[in-house]
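Here's a quick briefing to read with the model open beside you. It goes through the sheets, then an interface, then a few salt bridges.

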Amino acid sequence: LEKAMKGRQPTDLMLRCTILDAEGNVKTISGQFKKLDLCSEHRLNPRDLRKIDSRIPNLVPTILVRKEAILVNMLHIRALVKADAVVLFDTYGSADSRLHSVFLYHLEHNLRAKGQGPPYEFRALESILLSVLSALEAEMVFIRNLVGGLLAELEDDIDRDKFKRLLHYSRRLMSFQNRAKLVQEAIEEVLEQDEDLAAMYLTDKLNGQPRLLNDHEELEVLLESFAKQVEEIVNEAENIHSNVQSTQEIVELILDSNRNALLALDLKVSIVTMGIGVGTLVAGLFGMNLKNYFEESEFAFVIMSGVSMLIAGIFSWRGLARLSQIRKVGLSANGKKKPSKRHWLPSPLRMHHNPDSGLS
Amino acid sequence: LEKAMKGRQPTDLMLRCTILDAEGNVKTISGQFKKLDLCSEHRLNPRDLRKIDSRIPNLVPTILVRKEAILVNMLHIRALVKADAVVLFDTYGSADSRLHSVFLYHLEHNLRAKGQGPPYEFRALESILLSVLSALEAEMVFIRNLVGGLLAELEDDIDRDKFKRLLHYSRRLMSFQNRAKLVQEAIEEVLEQDEDLAAMYLTDKLNGQPRLLNDHEELEVLLESFAKQVEEIVNEAENIHSNVQSTQEIVELILDSNRNALLALDLKVSIVTMGIGVGTLVAGLFGMNLKNYFEESEFAFVIMSGVSMLIAGIFSWRGLARLSQIRKVGLSANGKKKPSKRHWLPSPLRMHHNPDSGLS
Amino acid sequence: LEKAMKGRQPTDLMLRCTILDAEGNVKTISGQFKKLDLCSEHRLNPRDLRKIDSRIPNLVPTILVRKEAILVNMLHIRALVKADAVVLFDTYGSADSRLHSVFLYHLEHNLRAKGQGPPYEFRALESILLSVLSALEAEMVFIRNLVGGLLAELEDDIDRDKFKRLLHYSRRLMSFQNRAKLVQEAIEEVLEQDEDLAAMYLTDKLNGQPRLLNDHEELEVLLESFAKQVEEIVNEAENIHSNVQSTQEIVELILDSNRNALLALDLKVSIVTMGIGVGTLVAGLFGMNLKNYFEESEFAFVIMSGVSMLIAGIFSWRGLARLSQIRKVGLSANGKKKPSKRHWLPSPLRMHHNPDSGLS
Amino acid sequence: LEKAMKGRQPTDLMLRCTILDAEGNVKTISGQFKKLDLCSEHRLNPRDLRKIDSRIPNLVPTILVRKEAILVNMLHIRALVKADAVVLFDTYGSADSRLHSVFLYHLEHNLRAKGQGPPYEFRALESILLSVLSALEAEMVFIRNLVGGLLAELEDDIDRDKFKRLLHYSRRLMSFQNRAKLVQEAIEEVLEQDEDLAAMYLTDKLNGQPRLLNDHEELEVLLESFAKQVEEIVNEAENIHSNVQSTQEIVELILDSNRNALLALDLKVSIVTMGIGVGTLVAGLFGMNLKNYFEESEFAFVIMSGVSMLIAGIFSWRGLARLSQIRKVGLSANGKKKPSKRHWLPSPLRMHHNPDSGLS
Amino acid sequence: LEKAMKGRQPTDLMLRCTILDAEGNVKTISGQFKKLDLCSEHRLNPRDLRKIDSRIPNLVPTILVRKEAILVNMLHIRALVKADAVVLFDTYGSADSRLHSVFLYHLEHNLRAKGQGPPYEFRALESILLSVLSALEAEMVFIRNLVGGLLAELEDDIDRDKFKRLLHYSRRLMSFQNRAKLVQEAIEEVLEQDEDLAAMYLTDKLNGQPRLLNDHEELEVLLESFAKQVEEIVNEAENIHSNVQSTQEIVELILDSNRNALLALDLKVSIVTMGIGVGTLVAGLFGMNLKNYFEESEFAFVIMSGVSMLIAGIFSWRGLARLSQIRKVGLSANGKKKPSKRHWLPSPLRMHHNPDSGLS
């Protein structure tokens, strides 16, 4: 605990980051910067740096608006967007990341194309959100395929190994759902605060023309569009989740039903075994080394064989009859209830039954 | 992922659409248009086109209000409503759609009937919402019948195949519920924003008389009426869902109870078999090729037969007695608890028990 | 689908209704009126008529405020309340309804008693809400008795037929809960909108003194009082529902536990049967027509009988010992975990355990 | 239903109540008052009396603010608080209530201590809320002990009777939770409405100095403090509830697991029985009264005994081997999946796994 | 109950507390103070003292803003923060607490470092929140390791003891989740009220410059930052919880599936036993001491042995065939449904199926 409390003091003062300038060119790649310098240069609160410190995993995604910069921390991207520069903080192990290079390529390209379009900071933001969206979409498609394939396999055969895989997939699905929802919340949180939206027009601020509180339609449309697409992904993930859920429920019913069928067959076998046992008992009695007065009878063997078979048959038949009686399972209660139901129903409500009350 | 990010660049520049003019006549059927032309002609944001691009499946339904047009994307309809024209975007495979032609017929008819009624854009909107509503209703009725039929079948007989069908139906039901809710949310989202409602009076805008923010009662009544009807459908779907849910729960209890009955019968059979086994053992002992001193007894056979039968009977009877003792299952705990409960209950609260506490 | 879309066109132009005049006297009983006449006479929107068209079942309850009338559609009542008349629309099959005649009697009586009380339209509204409330209460009491009786029966004996009835009752309960909640929402929706509340003072409007937006305390108290009572009913229904729910869960546990008891007895029987089988095997071996060298022994019979019995006993005893070992089921884990738990617990949090952590 | 509707007419015109005057002295004990007199004396709406009519059980708790009085209806207390008097309505069976007398004692004491403190009506309110709080707390502690004791017993032994008690306790817990939540909602409802809070300063109103809408800090602090304490109780009840819930789930798993263990032992027994059966068959064959050519063999007996034992052993061994193979149950899927998982994971997302993904 | 009501009267008038002065030095360690003195000295309401009275366990965490002080009650910390002093109330058993001394050390250090930073009261608040955060984080990590380890063990082997530990861990997890959420709510409650935020600038108040309602950005950033971190912890705890949940569900399915496998093997054994029983019956019949006419036949022994084996085989084979037929369990319904599904689907909706409808 001591360690934890001290760990919050700035012990590690360096951060690695990539900087793009106003023209969209990469100025520095994975350069080392002091935290304090970063704070003073970009007028950040030291506490804000925690959000972009890539050594802390599993942060809740956020878009923070500060005086001269927008801090974005979403999934694999931790960036500081200014009116004339973008600082990308390296995340651990990002060296091998194809996604990252695609993002960087797109960002550079987007930042260069200035001319007519939206201001610099929005173009940067667009690239970032686009990359986040692709990452979410890619993972969603991947999980959908995994789960879909597994459910399709369950169509053919229900076995234990599939359940184990289902567990792994549904853990992963839930973790994905969680992440996607947090991204959605982060975007919507910004959208709800007029102040933050107005404060995000960094170029205008730099030019000394801060936006009025209501004047942020352009940015709103941009963010709303992304929020909508993240919502679609979240929605899709929920669909998959409820699909998994209802499959689990039905599989349980099927296993239960299957078990009953197995038990019923077991019972049949037991009953026949019991019948045979009776026959064997009769035969055994006549096998005793005692006088049974039939020793010399000509037909006793055939008769007793027949009798013991018959007893076996009767016992089996009675058992099986009882079994088939128990096996009949339906939902309908037996006659009596139905009419009484009609009589007891308060009359004024009779006509308000749902059309589907026919099901009941 | 690269592909995904690039796929968002406008690679496919053509869209197929059907256009109706101010008189309600079809001007173009499935004509090809460039996306850029559409944007400039209708003053749309290129990003908006995503909403009506019919090649992207499974979009969250939306009603977007733009400067000169209303963009509607709901279920099978993707349309651009203007003050003097309606552009319908073709959805894939819509060629065979009867629903689509009914919609088109109704739309044409509704647009022509100008005269006294609401403005052009609202008549178009009405037709669109009506078509969405019919589609939802048709599917709801269809699913209700499917599910209702299946539940009725379960009344008679519970078996595995029915569970499998139940799974398919409940997946479909959930997907439908999801779609219906999203449609409801889309309509309510528009209803909540006064700005959007006012901006939807396109004809007035075209005539240079934009509506005030509060002056949109006509449109509000129209949309509210549809929202109410969608709500009814959503509500109905939820009813079906909870019906399915409680059926599943009860079916599980019935299967469990049935299993116990099977086990009890199995146990009876086992017990009788055990009894018979004891008899057989006795008989077997006397069947040994050893001296048993009764070889010459006259009545030994009858006596030993009787004895072994008796032993079989005693063992069976004791087992069955134990069984019937275990089988008695009720919820009521045995006497002791009830009085103690009364004593411990803090007195001031005794009179506040719900009337239904009699159940407890 | 075509049919569905056309079905929305006004094909059936007549509605049956009963009209009460300003004195509370019944002017017309089940008279036929054209829809169009109704619309123009009461200045209604044709779309509004859908709400009171009694042929459409299962509508979401609503209270709609229009220029000269209040439209109420709740459970069995579909009425149009004006400042000087009440129009009751016949619902199908209402001929036999005792509830309806009680309602009509109360309404007439309430409308006549003008003098000092609240204005005409509020007296009508009061009667309507009172009738709705009685209907809800009657059904709630009825369902509570049904469910309560069934749960009491489950106290004595758990069997399959009771589950089937439970299913029917809980479907009905859910349908009732749904209806009650919708009524509550409808009343609260009106209560939330100051405009609607003010617009419901029809008499004042007729006298040319429309109410101010805030001046509706009388009506608010009336509606709030009904809303509170509907809330009580909804609350009661939820109590019943959670009662059913927890009963189901515990019944499942009891069935499971019972099944284990059955299995254990089955196992005992199997073990004894196995033991007997071993004895029979020994006896059978000596019954073989082979030389066993004991043929002439005097005590071989008694010895071998004893031996086979003993073997039977040993096998049974070992099996039963193993069984009783498995049968011991408790929640407490075995010693080892407890101390380790104490050591690992971070010290600062030790004192914040809930008092009920003693349970853990 | 007729009865129900008429029952709402004021048939029973008398209410029993105890009155305390401005000095905190009891003026009347259980005196009978006409409802109409009460209404006119305290300027109440007749409808309000329903809230304090003690014959109606199970009301939703409320605090109603009227012109000259505050109506409180909470659990066992139904009171009318005025600026200079408190009217306590008798609840049925309250004669034997110790809680009531403690409450009355506290109320008298609190009302007398005027001097410096808060105004008369707030002192009355404080006593009422304190009594409600004690009642809730007492019941919460009582239920916590009941449930805690039961869960502790489940530690040692899981049996059916405990489930039955668990059902009774969890019904009671849910009913308590419901009541506590409703009390909380009632207090918070008052706290949310500035108008009501200001109107509760009855003494100031009596003195002709009605409070401004914002000026009610004293009352707010008083109510908030009680709301917080009720929240603590609700929170505690929820903790107990979720404790019960998770215990149920785990108990089900344990029963399931126990059942598998029983089945496995059953299977072992069955397998051994089968092996013995094979041996018996062999012995039986040689027991047939047929020529087997070994009749005179010296060692045939020993050999055949050995052979039949061996066959019994082989059958048993093979069965047991198959069983132990099935019995091995773990969650980990078998090797193959793990590596494939790594390959399929879209690279950009690899570094965003939660730390707990190590669990998966 | 009497006791409970009186217990609220101030019977215990002393509180132990540690006081730090404006320089951050400890003035008094565990000194005894009268409650009344504390109230008058810090201008507190006597009711407020309940929040910091350390003898009451399990309070809902709160941050209360009073005229001259901030009262903080969170987990292990109960403190009174003023503009120039911090009063820490001793919690029972805190003597042995390492966390407490770390907190005290950090607090002293933080209070001394005045100079440029935020005002005295915010530095104190920061230390308090930091300590709360560390405590939450430490417990979260601890629980995560416990649960993670257990789930990893379940990978290898599912047994009853693990379920018992799972129960203990998930109770603890829920209790932790609850506490973390309450801390989050307490912080957010303060953040939502502008008045409270402004009133927390105690130093400014002391200097006679109370803050305006909107002017509290510094404090807001501080609290928001902590709220975000608590949210991360809550979020993580929810992840663990849903992980446990889905593991439980899947484990249940696996146990069910395993049970079916056991039953199937049991059935196989029963079937073979039955077959053997038939053979034994035949052998037994020929072992009867009756004439069977084959006594002298040379080959009868071999033939009858073969015949009885054959009968045993046939019975077994038929039983096993039936079993394997029942054992085939898949989700796909048998052919018939699929095509009918296609035909019944209302055409307009066909193209709106989700991409994942391929799973269905």
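**Sheets, an interface and some salt bridges**

In chain E, strand β1 (residues 14-20) and strand β6 (residues 86-89) are antiparallel partners, held by four bridges. Keep in mind that this is a predicted model. Below, that strand pair is put into its sheet, chain C gets a look, and then we turn to where chain E meets chain A.

**The sheet of chain E**

- Looking at single residues in the pairing, C17(E) has F89(E) in β6(E) as its bridge partner.
- The sheet itself is open, with six strands in the order β2-β1-β6-β5-β4-β3 (chain E) and antiparallel pairing.
- At its edges stand β2 (26-34) and β3 (62-65) of chain E; each has a single partner strand, so one side of each has no neighbour in the sheet.
- From one strand to the next, the twist averages 20 degrees.
- As for helix packing, α4(E) lies across β1, β2, β5 (77-82) and β6 of chain E. Its direction makes an angle of about 175 degrees with β6(E).

**The sheet of chain C**

- Chain C has an open sheet of six strands too, ordered β2-β1-β6-β5-β4-β3 and paired antiparallel.
- Its edge strands are β2 (26-34) and β3 (62-65) of chain C, each of which pairs on one side only.
- The twist here averages 20 degrees from one strand to the next.
- Strands β1 (residues 14-20) and β6 (residues 86-89) of chain C run antiparallel and are joined by four bridges. Within that pairing, L20(C) stands opposite V86(C) in β6(C).
- Helix α2 (residues 35-42) of chain C lies across β1, β2, β5 (77-82) and β6 of chain C, at about 120 degrees to β2(C).
- Helix α5 (residues 120-156) of chain C lies across β1, β4 (69-74), β5 and β6 of chain C, and runs at about 170 degrees to β5(C).

**Where chain E meets chain A**

- How many residues does the contact take from chain E and from chain A? Chain E gives 72 residues and chain A gives 80 residues.
- Interface size is often quoted as the accessible area lost when the parts come together.
- For chain E and chain A the buried area is about 7,000 Å², with carbon and sulfur atoms giving 61% of that.
- Two salt bridges are counted between chain E and chain A. One of them joins R259(A) to D256(E), with the closest N and O atoms 3.4 Å apart.
- There are also 10 residue pairs in polar contact across the interface of chain E and chain A, with both residues at pLDDT 80 or more.
- On the side of chain E that touches chain A, α4 (98-112), α5 (120-156), α9 (217-287) and α10 (300-327) of chain E each supply at least two residues.
- Which helix gives the largest share of that side of chain E? That's α9(E), with 39 residues.
- By residue type, the side of chain E that touches chain A splits into 30 nonpolar, 25 polar and 17 charged.

**Salt bridges overall**

- Over all chains, the count comes to 55 salt bridges.
- One salt bridge is formed by the side chains of R165(A) and E153(A), at 3.1 Å from N to O.
- That pair is 12 residues apart, with R165(A) in helix α6 (residues 160-192) of chain A and E153(A) in helix α5 (residues 120-156) of chain A.

Notes:
Residues numbered from 1 in each chain as written. Chains lettered and ligands numbered in written order. Predicted model: local features only at pLDDT ≥ 70, side-chain atom pairs only at ≥ 80, totals over all residues. Heavy atoms only, no water. Contact = heavy atoms within 4.5 Å. Buried area = accessible area lost by both parts, 1.4 Å probe. Salt bridge = Lys/Arg side-chain N within 4 Å of Asp/Glu carboxyl O. Polar contact = N/O pair within 3.5 Å; in protein donor to acceptor, adjacent residues only side chain to side chain. Nonpolar A, V, L, I, M, F, W, Y, C, P; charged D, E, K, R; others polar. Pairing = 2+ DSSP bridges. Axes fitted to C-alpha atoms, helices over the stretch in contact; angles between N-to-C directions.
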